[in-house]
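Reader: I would like a close look at one charged side chain in this model and the pairing it takes part in. Please start there, and then place that pairing in the rest of the chain.

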Amino acid sequence: DVYAPGGYGQKHGHMNSAVFFVLNFAAMSTIVYLLVVYFVREKDRLKDALNAEHSMLQAEQDRSERLLLNVLPGHIAERLKHEQGVIADSLADCTVMFADLTDFTRIAEEMPPREMLDMLNELFSWFDNLADQYGLEKIKTIGDAYMVAGGLHDHSTQYTEAIAQMAIDIRDGIAQRKTRHGRPLGMHIGIGTGPAAAGVIGVRKFIYDLWGNTVNIASRLTTEATTGGILVDVTTYRRLRGLYEFEGPEPLKVKGLREITAYRLLGPLNH
């Protein structure tokens, strides 16, 4: 055999090069893998954070939407989100009702403030549920008075009848209630039907409100009604006289208005 000088060294050198190449390749592959894993995990983390942020924003938006709908009728809230400037409408026809607690000043004097507020909250929450049931819009509360209206949008064409039925439910339901001290509760109610102006006033703590002669008549009729009485104007009477029983007419001299004719709503007709 012929000995070839340097053969072993060359083989050994090639082997070392191959080992170093494999090690370098493995190291680079590991680094690339770890970087890919890191970026994938970072992407997932950022995605989860964005999803969480989106959920929080959506929850806050839903909360704001609910608060807005607690202040304004739905169709007005939708307009307010898309329109700038004053929102004012002329309603060709609507029916307005005021329901006022009888002798509230005396009742309030007998109660601690918290108890009085709890009682009003319970009563007005009941009225709110009735308004929802009949498809009517609560406008506002004024002290111990509750204002509700129908005909502000086209969702119902029987709003005058709905107001009358809500008034009867309030009258009959309140007669079964007493204060914690045993004093009976009563309401006097006024209803007016006709044109009105409606809109949102204010830029802070804004409210949706109604104005006009129809509102004034309903308010005055409430003042003139006795405990348990429901007084309506002529227009309301004419719409409901085939469905409900009335007493009257009663001519009333109302301060700030000309003499008006009122009818006392008793209940549904027994056909």
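Author: Arginine 264 has a relative accessible area of 16%, and because buried means under 20%, this residue counts as buried. The model is a predicted one, and every value here is computed from it.

Arginine 264 forms a salt bridge with glutamate 250, and the closest N and O atoms of the two are 3.5 Å apart. Arginine 264 belongs to strand S8 (residues 260-268) and glutamate 250 to strand S7 (residues 244-252), so the bridge ties together parts that are 14 residues apart in sequence. Glutamate 250, at 22% relative accessibility, is partly exposed. The pair therefore has a buried arginine and a partly exposed glutamate.

This pairing is set among others. In the whole structure, a search finds 8 salt bridges. One of them joins the side chains of glutamate 122 and arginine 177, at 3.3 Å from N to O. Glutamate 122 is in helix H4 (residues 113-133), while arginine 177 is in the loop between helix H5 (159-174) and S4, so this pair links parts 55 residues apart in sequence. Arginine 177 has a relative accessible area of 25%, which makes it partly exposed.

Another bridge is formed by lysine 140 and aspartate 209, with 2.8 Å between the closest N and O atoms. Lysine 140 lies in strand S2 (residues 137-142) and aspartate 209 in strand S5 (residues 207-211), so the parts tied together are 69 residues apart in sequence. Here aspartate 209 is buried, at 6% relative accessible area, whereas lysine 140 is partly exposed, at 24%.

Uncharged side chains make polar pairings too. Threonine 193, in strand S4 (residues 187-201), is buried at 5% relative accessibility. Its side chain makes a polar contact of 3.0 Å with the side chain of threonine 95, and a polar contact of 2.6 Å joins the side chains of threonine 193 and threonine 236. Beyond its neighbours within four places in sequence, threonine 193 is in contact with several residues, including Asp93, Thr160, Asp233 and Arg239. Threonine 223, by contrast, counts as exposed, at 56% relative accessibility; this residue is in helix H6 (residues 213-224). The C-alpha atoms of threonine 223 and phenylalanine 98 are 9.4 Å apart, although 125 residues separate the two along the chain.

Next come the nonpolar residues. The largest nonpolar core holds 41 residues, and Met97, Met119, Leu136, Met166, Ile170 and Ile189 have the most contacts inside it. A second, separate core has 17 residues, among them Leu91, Cys94, Ala149 and Val215. Not every nonpolar side chain is covered: Met28, Ile31, Leu35, Tyr38 and Phe39 form a patch on the surface with about 540 Å² of accessible area together. Leucine 35, in helix H1 (residues 7-71), is partly exposed at 43% relative accessibility.

Last, the chain as a whole. The secondary structure comes to 7 helices and 8 strands. The protein has 271 residues, of which 38% count as buried; arginine 264, the starting point, is one of the residues that count as buried. Among contacts between residues at least 6 apart in sequence, 66% join residues at least 24 apart. The protein exposes about 17,100 Å², with 55% of that supplied by carbon and sulfur atoms.

Methods: Residues are numbered from 1 along each chain as its sequence is written. This is a predicted model: local features need pLDDT of at least 70, side-chain atom pairs count only at pLDDT 80 or more; totals for chains, interfaces and linings use all residues. Side-chain values use heavy atoms; hydrogens and water are left out. A nonpolar core is a set of buried Ala, Val, Leu, Ile, Met, Phe, Trp, Tyr and Cys residues joined through side-chain atoms within 4.5 Å. Buried means under 20% relative accessible area, exposed over 50%, partly exposed in between (1.4 Å probe, protein chains only). Patches are made of residues with over 30% relative accessible area and no salt bridge: like charges are joined within 9 Å, nonpolar side chains (Val, Leu, Ile, Met, Phe, Trp, Tyr) within 5 Å. Accessible areas come from the Shrake-Rupley method with a 1.4 Å probe; for residues, only the protein chains shown count as cover. A salt bridge is a side-chain nitrogen of Lys or Arg within 4 Å of a carboxyl oxygen of Asp or Glu. Helices (H or I, at least four residues) and strands (E, at least two) are DSSP runs, numbered from the N terminus. A polar contact is a pair of N or O atoms within 3.5 Å; within protein, one must be able to donate a hydrogen and the other to accept it, and residues adjacent in sequence count only if both atoms are side-chain atoms. Contact means heavy atoms within 4.5 Å.
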